[in-house]
Amino acid sequence: MACMKLGSKTDAFQRQGQAWFCTTGLPSDIVVEVGEMSFHLHKFPLLSRSGVMERLIAEASEGEDGCIIKLSDVPGGAKTFELVAKFCYGVKLELTAANVVQLRCAAEHLEMTEEHGEGNLISQTEIFLNQVVLRNWKDSLKALQSCEDILPYTEELQFPKNFIDSLAAKACTDPNLFGWPVMEHGGPMQSPGGSVLWNGISTGARPKNSSSDWWYEDASTLSLPLYKRLISAMESRGLKQEIIAGSLNFYAKKYIPGLNRRQGSSESSNRLAPVGSGISLSEEDQKLLIEEIDHLLPMQKGLVPTKFLFGLLRTAKILRANPSSISNLEKRIGMQLDQATLEDLLMPNFSYSMETLYDVDCVQRILDHFLVMDQVVGGASPGSVDDAQLMGSPSLTPITMVAKLIDGYLAEVAPDVNLKLPKFQSLAAAVPEYARPLDDGLYRAIDIYLKSHPWLAESDREQLCRLMDCQKLSLEACTHAAQNERLPLRIIVQVLFFEQLQLRTSIAGCLLVSDNLDGSRQLRSGLMGPNDGGWTTAVRENQVLKVGMDNMRTRVSELEKECSNMRQEIEKLGRVKGSSTWGSVSKKFGFKIKSQMCSAQEGSVSKQNNRSVQSEKSKDQHSGKHKKILSSDE
């Protein structure tokens, strides 16, 4: 830290308890009381430097104890007046960034101008401030911190504003372009050319590049009011929002202990990860800090990690922060919900009612904010998207990720017996249908909820299961659902029907591919020479394909048996109720596909089988002709 020495005399002051005595050999003729400290001094050195002291001495009356003057409002108190007295006596003292602000304010208060002596304290402190302190990052920061003790006096002289402007200008300057003197905040000393100095000699070595976050730790030492003013000054100078958000993140983690407990491994390994400051803020101060961070943080997606926002929201709920701040944090999270994890969403319920274990209502609001932002940004509408576009469109990736996240959250909160069915349904239905390529995750959540709430009525079960689309279940999920006793009968029948439909479609597709492969291989075999191994490979692949088709046929036959048994059971029920026709039952279960579809599918399968048999015969004839041609050539 830079300093400037004033005066040339040796220290002629001696302290005895709560009093200072000047040991120049002359008896003191004035006592100046500053707070609880008394200074036994001489009139002439004081009145020759200070206009205030000159008037007070002239007005003071000589008592039994001599001339006594009380100074109760000296900026900096007795410690600063001690330095002022030494300056008046010409005793050596050092101006530093830590004491120059108090001395400058005290000199202003005591009217220590050039009229009362050349090179007076006001001019000396001004020279040091302008030529040393304001040109140096560390000294400007130290001087700004010293303003907090005497803020009303410093505000009159605009010292905080000057220091903040100086710091903001240095923070907005690229340290890689101007390594000197900005980089002297923590790195090695450098020359104006940028090379590292050793004992004042240029070594020619270039310093390491500095990142834009080099000032985060220094700025975090400021009190919240001064830090706010510094951030505002940086914003007015056009500093990037990402850099400002990073500083807010650092500052909040330093003073709010709860934010550091849930940070990820990548964040904890950061070289600028905040360490314990040793300053423990009260709950009221932490709540105020969260509200100010929310006010300063730009409303923009991706500026800070989502985990950090969830930490702020969780702490704000615990400390009962302002409802508007909590709402703003929910909106910020909603803007980047696709970057969240399941652990982030699992926030305990801190409300007084404690209806549920987790705060489902908060997640519902966050999801609503995300969906609103997705529509504003230009998310696709359900009617304009088909399955092929859904799987390949990059613009739909965020909402697809959110759908998967919400399904996982539903599965986690489903075991809560206090979670009411309307809340579960509302959260599950909020996700658009086009956002889920498959409904396996939703089916898993519904199954867990049904298992944890066995007392649900049949109508409620059917209403809950209508949330999922049986046509969007994978074969594995269909197989599980067909054997799930917790599902309503109507849903099981739909699952069986669509599973059979999927298998028949798959078999038809495989047979069509097999025919195309056979035709292309026959064409290639006619062009290949006798030494090529393409024919052997084709036979091997055909055998593997046949095995897969046989497995599919077996599964189809099993499903047909299950469907037939189900039909017989339903017909028996229909006879009891006076309705024995399968058509009425099918209408009751909501099937819109006619029974001819199955027969049509069977017909297509049989046609595909005939095509495969004919292709095999033609293949054999072709191979026989090929062998005859080879024997004739020999």
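Is Pro348 buried, partly exposed or exposed? Its relative accessibility is 36%, so Pro348 counts as partly exposed. That value comes from a predicted model, as do all the others in this report.

**The chain as a whole**

The chain holds 27 helices and nine strands. It has 634 residues, and 43% of them count as buried. The accessible surface comes to about 33,600 Å². Carbon and sulfur atoms account for 53% of that surface. Take the contacts between residues at least 6 apart in sequence: 70% of them join residues at least 24 apart.

Confidence varies along the chain. The average pLDDT is 77, and 68% of the residues score at least 70. Residues 180–199 have a pLDDT below 50. Beyond near neighbours in sequence, that stretch makes 42 contacts in the model. Residues 579–634 also have a pLDDT below 50. Here the model shows 52 contacts beyond near neighbours in sequence.

**Around Pro348**

Pro348 sits in the loop that links α16 (342–345) to α17 (360–377). Setting aside neighbours within four places in sequence, Pro348 contacts Leu357, Tyr358 and Asp359. Val360 is 12 residues from Pro348 along the chain, and their C-alpha atoms are 9.0 Å apart.

**Helix α4 and its cover**

Helix α4 spans residues 100–109. Eight of its 10 residues are buried, so the rest of the structure largely encloses α4. The buried residues are Val100, Val101, Gln102, Leu103, Arg104, Cys105, Ala106 and Ala107. Several elements contribute to their cover. On the list are α3 (77–89), β7 (93–96), α5 (121–131), α6 (137–146), α7 (151–156) and α8.

Glu111 comes just after α4. This residue belongs to the loop between α4 and α5. Its relative accessible area is 29%, so Glu111 is partly exposed.

**Two positive phi values**

Most residues other than glycine have a negative phi. Glu111 has a positive phi near 55° and is not a glycine. Arg320 likewise has a positive phi of about 55° without being a glycine. Arg320 lies in the loop between α14 (306–318) and α15 (323–335). With a relative accessibility of 39%, Arg320 counts as partly exposed.

**Ala316 in α14**

Which helix holds Ala316? Ala316 is part of α14. Its relative accessible area is 0%, so Ala316 is buried. Leaving out neighbours within four places in sequence, its contacts are Ile290, Ala321, Ile326 and Leu329. The C-alpha atoms of Ala316 and Glu291 lie 8.4 Å apart, with the two positions 25 residues apart in chain numbering.

The four residues described singly above compare as follows.

| Residue | Location | Relative accessible area |
|---|---|---|
| Glu111 | loop between α4 and α5 | 29% |
| Ala316 | helix α14 | 0% |
| Arg320 | loop between α14 and α15 | 39% |
| Pro348 | loop between α16 and α17 | 36% |

**Two helix pairs**

How do α8 and α10 cross? Helix α8 covers residues 159–171, and helix α10 covers residues 224–236. Their axes come within 9 Å and cross at roughly 50°. The two helices are therefore oblique to each other. The crossing of α8 past α10 is right-handed. On the α8 side, the residues that meet α10 are Pro160, Lys161, Ile164, Leu167, Ala168 and Ala171. On the α10 side they are Leu226, Arg229, Leu230, Ala233 and Met234. Helix α8 also appears above, as part of the cover over the buried residues of α4.

An α-helix has 3.6 residues a turn, so residues three or four places apart point the same way. Within α8, the contact residues include Ile164, Leu167 and Ala171.

The second pair is α21 (residues 440–452) and α22 (residues 458–465). Here the axes come within 11 Å and cross at roughly 165°. That angle is over 145°, so α21 runs roughly antiparallel to α22. This crossing is right-handed. Ile446, Tyr449 and Leu450 in α21 meet Arg461, Leu464 and Cys465 in α22.

Key. Residues are numbered from 1 along each chain as its sequence is written. This is a predicted model: local features need pLDDT of at least 70, side-chain atom pairs count only at pLDDT 80 or more; totals for chains, interfaces and linings use all residues. Side-chain values use heavy atoms; hydrogens and water are left out. Helices (H or I, at least four residues) and strands (E, at least two) are DSSP runs, numbered from the N terminus. Buried means under 20% relative accessible area, exposed over 50%, partly exposed in between (1.4 Å probe, protein chains only). Contact means heavy atoms within 4.5 Å. Accessible areas come from the Shrake-Rupley method with a 1.4 Å probe; for residues, only the protein chains shown count as cover. pLDDT is the predictor's confidence in each residue, from 0 to 100. Axes are lines fitted to C-alpha atoms, for helices over the stretch in contact, and angles run from 0 to 180 degrees between N-to-C directions. Angles under 35 degrees count as roughly parallel, over 145 as roughly antiparallel, 65 to 115 as roughly perpendicular and the rest as oblique. A crossing is left-handed if the near helix is turned anticlockwise from the far one by less than a right angle, and right-handed if clockwise.
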